[in-house]
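Welcome! Here are some short exercises, each followed by a worked solution, to help you find your way around.

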Amino acid sequence: MSIGTTAAPPSLSYELYPPANRDAAEAIFNSIAALETTDPDYVSVTYSGSPARRNASLELIEHLIQNTRLRPLAHLTCVGESRESLQNLIRHFVSLGVRGVLALRGDLPTDPEDWRGEFPFARYLIELIREVEADHSAALAGGRLGVGVAAYPIRHPESPSFEHDVEVLLAKERSGANYAITQVYFRANEYTNLVESARRAGVTIPIIPGVIPLNSVRRLNRLASMAGIAPDPILAHALETAGSDSERHRIGVDAAVTLARRAFDDGAPGVHLYTFNDHRGSLDVIEQLELPRTRAQASNTWATRAAV
Ligand code: FAD
């Protein structure tokens, strides 16, 4: 069964988060250098609304632009933000040379007084990005920004149903999203089901599976709690009972490879690897997937053509 677009080479991308201190910065620079050797389509940089974390994201984006060949995909969250501050940030991204933005609502702040505001859902941020883009048509040489959004193989924790999430994805496409990256998931059929349901509902944009090589139960639990989903008991048991770090590494890589292979069998147009700022698991995953690509292939994916 084919549920995606398989004609073009698959896209390859990674997620990084801004380092919290100097030691972490050194480690991430090594990981960036290692990931660069694989010619990814783009490297996404997570974002958080607090001023210090925001600056750290901007610094990482600037580093990627100034010192590497990597194209950054800037995550941006809108909940609790003012129109003006979002406009300024989008303009700043454009002036730095960013051409791809992942438009997100962001997690709700703990203080209910702070949240929602003018931009309660990601859809409104997409519309704002398109407005700012129109104002910067000259700077973009008439081109457009690539706008990605989040998609959910497992129901979003605040959503009444999985079907509602699919409608929200359709609404985000209609507001101007070019593609979607999925939240983490642990069973291959969850991606298949999402893509089938989305296509039935009329979603046409590429839906990229987001996978992660997990090498510890602590990380699995943390990630599941951040995403608001249950940690996979089979993976948790395997990681818990493994006898060594190298065995845990292998278990995490194998699980990610299995998910990505099944997604490719179902026609996934690429894969997005959540790296946790550690290149080793991700490089092993793409090695096993035989994803190392020639430069020519890397420049011919849907992502490059969509100017992500
Ligand atoms: P939305 O699409 O706006 O959906 C949010 C909720 O509102 C959902 O429950 C949806 O069903 C509901 N909803 C949407 N529209 C409507 C409507 N019109 N009426 C009623 N209900 C509606 N978070 C960060 O803080 N920083 C990051 O860098 C970051 N990166 C991420 C990257 C990826 C690939 C993914 C999948 C998630 C990321 N997140 C990040 C987490 C994300 O911010 C949260 O999952 C957040 O809770 C929802 O964001 P969203 O963009 O999906 O929101």
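**Exercise 1.** Find which element gives the most to the shell around the ligand.

*Solution.* Keep in mind that this is a predicted model. The largest contribution to the shell comes from α5, with 3 residues. Next, take the shell as a whole: 23 residues surround the ligand, and T46, H75, R105, A122 and A150 are the closest. Elements that supply two or more residues are β3 (72-77), β4 (100-104), α4 (122-135) and α5 (162-174). Finally, sort the shell by class: 8 residues are nonpolar, 10 are polar and 5 are charged.

**Exercise 2.** Work out whether P72 is buried or exposed.

*Solution.* First, place the residue: P72 lies in strand β3. Then recall the cut-off, by which a residue is buried if 20 or more other C-beta atoms lie within 10 Å of its own. P72 has 25 C-beta neighbours inside 10 Å, so it counts as buried. Leaving aside neighbours within four places in sequence, its contacts are Y42, V43, V45, I61, L64, I65 and V98.

**Exercise 3.** Find the residue that stands opposite P72, and place both in the sheet.

*Solution.* Opposite P72 in β3 stands V43. These two are 29 residues apart along the chain, yet their C-alpha atoms are separated by 5.0 Å. Now step back to the strands: β2 (residues 42-45) pairs with β3 in the parallel sense over 3 bridges. Both appear in an open sheet of 9 strands with parallel pairing, ordered β7-β6-β5-β4-β3-β2-β1-β9-β8. At its edges, β7 (207-208) and β8 (210-211) each have a single partner strand, so one side of each is left without a neighbour in the sheet.

Key: Residues numbered from 1 in each chain as written. Predicted model: local features only at pLDDT ≥ 70, side-chain atom pairs only at ≥ 80, totals over all residues. Near = placed C-beta within 6 Å. Helix = DSSP H or I, 4+ residues; strand = E, 2+ residues; numbered from the N terminus. Nonpolar A, V, L, I, M, F, W, Y, C, P; charged D, E, K, R; others polar. Buried ≥ 20, exposed ≤ 12 C-beta atoms within 10 Å, placed from the backbone. Contact = placed C-beta atoms within 7 Å. Pairing = 2+ DSSP bridges.
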